[in-house]
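The exercises below are meant to be worked with the sequence and the coordinates side by side. Each task is followed by a solution that proceeds step by step.

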Amino acid sequence: MKDDFIYSIDRPDPSLMKLYFVRSLLTGPLFFIMFPVMLCRYFTLHYKFTDEGVSMRWGLLFRREINLTYKRIQDIHIRSGIIQRWLGLADVQIQTASGNASAEMTIEGIPEYDRIRTFLYFKMRGYS
């Protein structure tokens, strides 16, 4: 499956900024702490899909980067809360065979989450 659209994804959709704003509002008086943190995450969040795997990086003061090869992917889940559904977003959670029960990588802020899940399933099963 050669999906040039997936390979061109680099940044999250602007709707993710709206989601971060609403989540920050829901923290009440902590809004003035949470919103700058989420704002920083939004502007530094980058994705890269290649033939070998997917990578994600973010962070201003403390840079974090995750690189996964398609062969390591064990399972893919889609999670979407009520606010995310309203904005047309969902989280694509990628799990590997590591000892951790939570997702190794969570791709957020992409409206075409079904397309990404299908792409990742094809790649993890070895289809081109």
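**Exercise 1.** In which helix is isoleucine 33 found?

Solution. Isoleucine 33 is found in helix α3, residues 31–44, where helices (H or I, at least four residues) and strands (E, at least two) are DSSP runs numbered from the N terminus. The model is a predicted one, in which local features need pLDDT of at least 70 and side-chain atom pairs count only at pLDDT 80 or more, while totals for chains, interfaces and linings use all residues. Residues are numbered from 1 along each chain as its sequence is written, and side-chain values use heavy atoms, with hydrogens and water left out.

**Exercise 2.** Determine whether isoleucine 33 is buried or exposed.

Solution. Buried means under 20% relative accessible area, exposed over 50%, and partly exposed in between (1.4 Å probe, protein chains only). Isoleucine 33 counts as exposed because its relative accessibility is 54%.

**Exercise 3.** Describe the order and pairing of the open sheet that contains β4, and state which strands stand at its edges.

Solution. The open sheet has three strands in the order β4-β5-β6, with antiparallel pairing; two strands pair if DSSP finds at least two bridges between them. Strands β4 (73–79) and β6 (105–107) stand at the edges, each having a single partner strand, so one side of each is left without a neighbour in the sheet. From one strand to the next the twist averages 20°. Helix α5 (residues 113–124) packs on this sheet and touches β4, β5 and β6, its direction making about 170° with that of β4; contact means heavy atoms within 4.5 Å, and axes are lines fitted to C-alpha atoms, for helices over the stretch in contact, with angles running from 0 to 180 degrees between N-to-C directions. Strand β5 (residues 91–96) pairs with β6 over three bridges in the antiparallel sense, and valine 92 stands opposite isoleucine 107 in β6.

**Exercise 4.** Which parts of the chain does the salt bridge between arginine 41 and glutamate 108 tie together?

Solution. A salt bridge is a side-chain nitrogen of Lys or Arg within 4 Å of a carboxyl oxygen of Asp or Glu, and by this rule the count comes to three. In the pair formed by arginine 41 and glutamate 108, the closest N and O atoms are 2.8 Å apart. Because arginine 41 lies in helix α3 and glutamate 108 in the loop between β6 and α5, the pair ties together parts that are 67 residues apart in sequence. Arginine 41 is partly exposed, with a relative accessible area of 21%, whereas glutamate 108 is buried at 6%.

**Exercise 5.** Locate the salt bridge between arginine 79 and aspartate 91, and give the burial class of each residue.

Solution. The side chains of arginine 79 and aspartate 91 meet at 2.8 Å, N to O. Arginine 79 lies in strand β4 and aspartate 91 in strand β5, so this pair ties together parts that are 12 residues apart in sequence. Arginine 79 counts as partly exposed at 43% relative accessibility, and aspartate 91 counts as buried at 2%.

**Exercise 6.** How many residues lie between the strands in the hairpin of β2 and β3?

Solution. Strands β2 and β3 pair in the antiparallel sense over six bridges, and tryptophan 58 stands opposite arginine 64 in β3. Their hairpin has five residues between the strands, and glycine 59 takes a positive phi near 120° there. Arginine 63 lies in the loop between β2 (53–58) and β3 (64–69).
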